[in-house]
Amino acid sequence: MKKLTILCIVLALAGCSKYLDEVPQGQVVGTNAIQDVAGLEAALTGTYKGMLRTWARGFLTSAIEAYVMGGDDVTSLSGGNKAEFRQTDQFDVVSSNSRLGQIWSGCYKTIQGANNIINNYKTVSGDQNTINAIVGEAYFLRALGYYWLVRGYGNIPLITSADFTNDLLSVQKSAPADIYKLIESDLMQAEQLVPNTKRDAGRPNKGSVKALLADVYLTEGGWPIKDASKYALAAAKAKEVLDNKTLYGFDLVPDLATLWSGTPASVGTSEEVFSFQTSVNYGGSANAFYGSSATPGDENGWDDFFAEVGFFNRFPAGKRKDITFYTVFTKPDSTKISWQNSQSKHPYYRKFRLADNTNYQSSMPVHMIRYAHVLLVYAEAQARSGNTVSADAYTALNVVRKRAGLADVTNLSAANFANAVVDERAWEFAGEWTRWFDLQRLEQVEAANALDKKGADDLKPIGAITKSDYWYPVPIGDANINPNL
């Protein structure tokens, strides 16, 4: 049983209620568990919960920042109890890193749940539209889980069963190309099944699926797949979202500050193409990386993550910079200090600050895809798919820049325009788990982490960065049990 407990996430085992702290009924898989639409809905709720179990697994803690700390926008303390953050920031990761393990286990737990629905829904009778929507969401969530895993770990187990068999104890890794084939297939299935309107906030609609597929195509154009034909597909799929934004209910929030107000006004906006909804009112469902995780020790915060000085210095001055960062801290005795004189000597992310900054958890949404993502995916992909930049691509880039208070970009070559979009993504999504994946797919990790790009107090890479540092080692518990991992 000890082996099964360790493997319950990675190898999609059932019955690990002690480890997961969930009722046994939530672990039942197969046709006995899904006999009607209500059973499907319950199974889907459990599938979402794989990624949304605060402190245990998934995307609701600062583990999400640890996962992308190899980018040049986020860093952590040089000492104290932040070793697991420093590992990813300094490219010195060990397989026992529990922060990374939270993403691994959360994604595989969701994949298990999605497999259960996808493999058993055909035996269910009831309202077909509801069944289609549930199954479409399951395909979407499985694709999302594998997308995060393949970018983080590269060669990974590809599991499409929800039931444990002994074969899973020796499962082989699959190459990224095979993982991406499943991701694409799943999103194409989801695109046909989910409705145009979200069933609830925190669920995908058809536009959400198209947006994720566009992002997947953009990524496949770069490392390690390097299939340049995917850029045209990314542009076309993103354009479908842009052309139908009213149908899908998407748009930029006019004032960027609304998204990062740390108040209820930032929940459920039109910019949420896909977000995880959270709540402090339900156990294990709170957002726990806003607030204390992103607050300086000078204000009694946890200092989990903050901005790199080099990145902050390069960030274009103006309204967006003021909204993104905060640089003057208020100590418990009400005195104020600048970031240069703080304990960490770094600026912090205002966008992850709560209205009441004394809290360590909140009901703020976790933005996985914003409408600004779709605009910039389209702009970059269109430029990379041909030798000229379309008027629509300029519009897509410049509407994001206009909201940021920046001048329009005009008259660039396709290559220079694509580079300008990558820069814009760095500024617009600073601290939002986009920069690391951009640097990775464009093979710019080494250049972005060069010593001349770092501030004096930024953490520096330990040793030379190579392609082997682009992916993390499989978590130690699973690697120890299965030598094929």
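In this predicted model, helix α15 comprises the 14 residues 371-384. At 1.5 Å a residue, α15 should span 20 Å, and its end C-alpha atoms are indeed 20 Å apart, in agreement with the expected value. Of the 14 residues of α15, 13 are buried, so the helix is largely enclosed by the rest of the structure.

Helix α15 also contributes to the lining of the largest cavity, to which it supplies at least two residues. The search yielded 2 cavities of 30 Å³ or more, and the largest of them holds about 240 Å³ of space. Its lining consists of 20 residues, among which Y147, R151, D215, M368 and H373 lie nearest the centre of the cavity. Besides α15, the elements that each supply at least two lining residues are α7 (128-153), α9 (206-221), β10 (366-370) and α18 (435-441).

A further buried position is found in helix α17, which covers residues 414-428 and includes F417. The relative accessibility of F417 is 0%, below the 20% limit, and F417 therefore counts as buried. F417 is separated from L397 by 20 residues in sequence, while the C-alpha atoms of the two residues are 9.4 Å apart in space.

At the surface, W55, W302 and Y360 form a nonpolar patch of about 320 Å². W55 is located in the loop between β1 (52-53) and β2 (57-58). Because its relative accessible area is 45%, W55 is classed as partly exposed, a class that lies between the buried limit of 20% and the exposed limit of 50%.

How values were computed
Residues are numbered from 1 along each chain as its sequence is written. This is a predicted model: local features need pLDDT of at least 70, side-chain atom pairs count only at pLDDT 80 or more; totals for chains, interfaces and linings use all residues. Side-chain values use heavy atoms; hydrogens and water are left out. Patches are made of residues with over 30% relative accessible area and no salt bridge: like charges are joined within 9 Å, nonpolar side chains (Val, Leu, Ile, Met, Phe, Trp, Tyr) within 5 Å. Accessible areas come from the Shrake-Rupley method with a 1.4 Å probe; for residues, only the protein chains shown count as cover. A salt bridge is a side-chain nitrogen of Lys or Arg within 4 Å of a carboxyl oxygen of Asp or Glu. Helices (H or I, at least four residues) and strands (E, at least two) are DSSP runs, numbered from the N terminus. Buried means under 20% relative accessible area, exposed over 50%, partly exposed in between (1.4 Å probe, protein chains only). The expected span of a helix is 1.5 Å times one less than its number of residues. On a 1 Å grid over the protein atoms alone, a cavity is a set of points where a 1.4 Å probe fits but cannot get out, and a pocket is an open set with protein on both sides within 12 Å along at least five of seven lines; lining residues have an atom within 4 Å of a point. Grid points are joined across faces, edges and corners, and a volume is the space filled by probe spheres set on the points.
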